[in-house]
Amino acid sequence: GLLCMEYQLFLASMALVLMADDAYMFMVAWETMALSSYFLVTTDHNVPDIRKAGYLYLLIAHVGAIAILLSFGVMQGGHGIGAYTFAAMREAHLSTFWSSVVFLLALFGFGAKAGLLPLHVWLPEAHPAAPSPVSALMSGIMLKMAIYGILRFTFDLLGTQQWWWGVLALALGLITAIFGVMFAAVQGDMKRLLAYSSIENIGLLLVGIGLTVIFHVYGKNSLAALSLTASLYHSLNHAFFKSLLFIGTGSILHATGERNMGRMGGLIHHMPWVAALMLVGVLSISGLPPFNGFVSEWLLLQAFLFSPVLP
C-alpha cells in the first residue's frame with residue numbers, strides 16, 4: 001500500500017509540474033517529484049548500495065532545485081513580494097546579463113535532474129537500485145520534466161535569447177551524448193547500460209534545443225521549428241522505447257535473478273514474448289527504420305545539415 005501511494009504521488013507531482021503557473025506551485029511539485037521518486041528508488045532500502053544510490057540521487061536533485069529556485073528569484077524582477085507568477089516573470093524585462101544568469105541557473109538546475117555532464121553521476125547508480133517499473137517512469141517521463149523546464153524558461157519566461165545559449169546547450173548536449181553512448185557500449189549490467197543510454201538521449205534532446213535557440217536568434221524560424229519538432233518527437237519516442245526496455249529488463253531480472261548480460265543466452269526459447277518486445281525496443285533505440293527512433297533522429301540530423309545556411 002505504501003509503495004502504491006508513492007507511485008501515485010510521483011505521477012501526480014509530475015502532472016502538477018506541467019500545470020504549475022507560478023514558482024510556488026512549480027517548486028512544491030518539483031520537490032514532491034524528487035522525494036517520491038527517492039522513496040521509490042530506495043524500495044529495497046535494507047541493501048546498503050541502494051541506500052547510497054538514493055542519497056546520491058537526493059543530493060544532486062536538491063542541488064539542482066536550489067539553482068532552479070535562484071533562477072526564479074532573479075526572474076522575479078522587483079515585482080514585489082508574492083509576484084512569483086509566470087505572467088509577472090514574462091513582464092520582468094531583464095537585462096542581457098540577468099537573462100543569461102537565469103538561463104545558466106536553469107540549465108544547471110534542470111541539467112542535474114536530466115543527467116547532463118557532469119551532473120549525470122546519479123543515473124547509473126539510481127537505475128540499477130530502483131525497481132524496473134520505477135526506472136521506466138524515471139527515464140521515460142521524469143527526465144522529460146527537466147527538458148520541459150529548460151524549454152519553459154528559455155522560450156517562455158525569458159523574452160529573448162542569446163546565440164551563445166544555443167552554442168552552450170549544443171556543446172553540452174554533444175559531449176553528454178558521446179559520453180553516454182561510449183559508456184553504454186562497455187556495460188555488462190543491463191540496467192546500467194540503459195541508464196547510460198538515457199544520458200545519451202538526453203544529450204540529443206539538448207542538442208535539438210541548442211539548435212532551436214541558434215536558429216531562432218538568427219531568424220531562421222522554419223529551421224527552429226524543425227529542430228524543436230525533432231526534440232519534442234524524440235522526447236516522446238524515448239519515453240516509449242526506453243520504458244519498454246526497462247520493463248523488459250525487469251521481466252528478465254524477475255525470471256532469471258540476473259542483470260549481467262554475459263551470464264545470459266538463449267532466453268528467446270524460454271521468454272519468446274519478452275524477446276520479441278525487447279527486439280522492438282532495441283531496434284527503436286538504435287534509430288533503425290521504420291521504427292520511431294529513426295524518424296526523430298533523422299529530423300535532428302536534417303536540422304544539423306541545414307545549419308550551414310546561417311550567416
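The legends below describe close-up views of a predicted model.

**View 1. Helix 1 alongside helix 7 in the predicted model.** The axes of helix 1 (residues 2-19) and helix 7 (residues 132-157) come within 10 Å and cross at roughly 15°. Because angles under 35 degrees count as roughly parallel, that crossing makes helix 1 roughly parallel to helix 7. The crossing of helix 1 with helix 7 is left-handed. On the side of helix 1 the contact is made by Tyr7, Phe10, Leu11, Met14, Val17 and Leu18, and these meet Pro133, Val134, Leu137, Met138, Ile141, Met142, Met145, Tyr148 and Arg152 of helix 7. Sorted by class, the contact of helix 1 with helix 7 has 14 nonpolar residues, no polar residues and 1 charged residue.

**View 2. The largest nonpolar core and phenylalanine 26.** The largest nonpolar core holds 67 residues, of which Phe26, Trp30, Phe72, Phe110, Trp122, Met142 and Phe153 touch the most other members. Helix 7 (residues 132-157) supplies the largest share of this core, with 13 residues. When residues up to four places away in sequence are not counted, phenylalanine 26 touches Val17, Ala20, Ile68, Phe72, Phe86, Phe110 and Tyr148. Apart from the largest core lies another core, of 12 residues, which includes Leu170, Ala177, Val207 and Ala230.

**View 3. Serine 71 and valine 102, two buried residues in contact.** Serine 71 is found in helix 3 (residues 48-75), whereas the place of valine 102 is in helix 5, a helix that spans residues 96-114. Serine 71 has a relative accessible area of 0% and is therefore buried, and valine 102 likewise counts as buried, at 0% relative accessibility. Leaving aside neighbours within four places in sequence, serine 71 is in contact with Val102, Leu105, Ala106 and Phe153. Under the corresponding exclusion of residues up to four places away in sequence, valine 102 touches Ser71, Val74, Met75, Leu94, Phe153 and Leu158. One of these partners, valine 74, is 28 residues apart from valine 102 in sequence and 6.6 Å apart from it in space, C-alpha to C-alpha.

**View 4. Isoleucine 147 and its contacts.** Isoleucine 147 lies in helix 7 and is buried, because its relative accessible area is 8%, where buried means under 20%. Leaving aside its neighbours within four places in sequence, isoleucine 147 is in contact with Ile202, Leu205 and Ile209. Isoleucine 147 and isoleucine 209 are 62 residues apart in sequence, and their C-alpha atoms are 8.9 Å apart in space.

**View 5. Helix 10 with helix 9 and with helix 13.** The axes of helix 9 (residues 190-217) and helix 10 come within 8 Å and cross at roughly 170°, and the two helices are therefore roughly antiparallel to each other. The residues of this contact divide into 15 nonpolar, 13 polar and 2 charged. The axes of helix 10 (residues 221-256) and helix 13 (residues 292-306) also come within 8 Å, and they cross at roughly 155°. Because angles over 145 degrees count as roughly antiparallel, that crossing makes helix 10 roughly antiparallel to helix 13. The crossing of helix 10 and helix 13 is left-handed. Helix 10 contributes Leu223, Leu226, Ser227, Ala230, Tyr233, His234, Asn237, Phe240 and Phe241 to the contact, while helix 13 contributes Asn292, Gly293, Val295, Ser296, Glu297, Leu299, Leu300, Gln302, Ala303 and Phe306. By class, the contact of helix 10 with helix 13 has 11 nonpolar, 7 polar and 1 charged residues.

**View 6. Two cis peptide bonds that lead into proline.** Most peptide bonds are trans. In this model, however, the peptide bond from leucine 117 to proline 118 is cis, with omega near 0°. Proline 118 has its place in the loop between helix 5 (96-114) and helix 6 (123-129). The peptide bond from proline 289 to proline 290 is cis as well, with omega near 5°. Proline 290 lies in the loop between helix 12 (272-285) and helix 13.

Technical notes: Residues are numbered from 1 along each chain as its sequence is written. This is a predicted model: local features need pLDDT of at least 70, side-chain atom pairs count only at pLDDT 80 or more; totals for chains, interfaces and linings use all residues. Side-chain values use heavy atoms; hydrogens and water are left out. Axes are lines fitted to C-alpha atoms, for helices over the stretch in contact, and angles run from 0 to 180 degrees between N-to-C directions. Helices (H or I, at least four residues) and strands (E, at least two) are DSSP runs, numbered from the N terminus. Angles under 35 degrees count as roughly parallel, over 145 as roughly antiparallel, 65 to 115 as roughly perpendicular and the rest as oblique. A crossing is left-handed if the near helix is turned anticlockwise from the far one by less than a right angle, and right-handed if clockwise. Contact means heavy atoms within 4.5 Å. Ala, Val, Leu, Ile, Met, Phe, Trp, Tyr, Cys and Pro count as nonpolar, Asp, Glu, Lys and Arg as charged, and the others, Gly among them, as polar. A nonpolar core is a set of buried Ala, Val, Leu, Ile, Met, Phe, Trp, Tyr and Cys residues joined through side-chain atoms within 4.5 Å. Buried means under 20% relative accessible area, exposed over 50%, partly exposed in between (1.4 Å probe, protein chains only).
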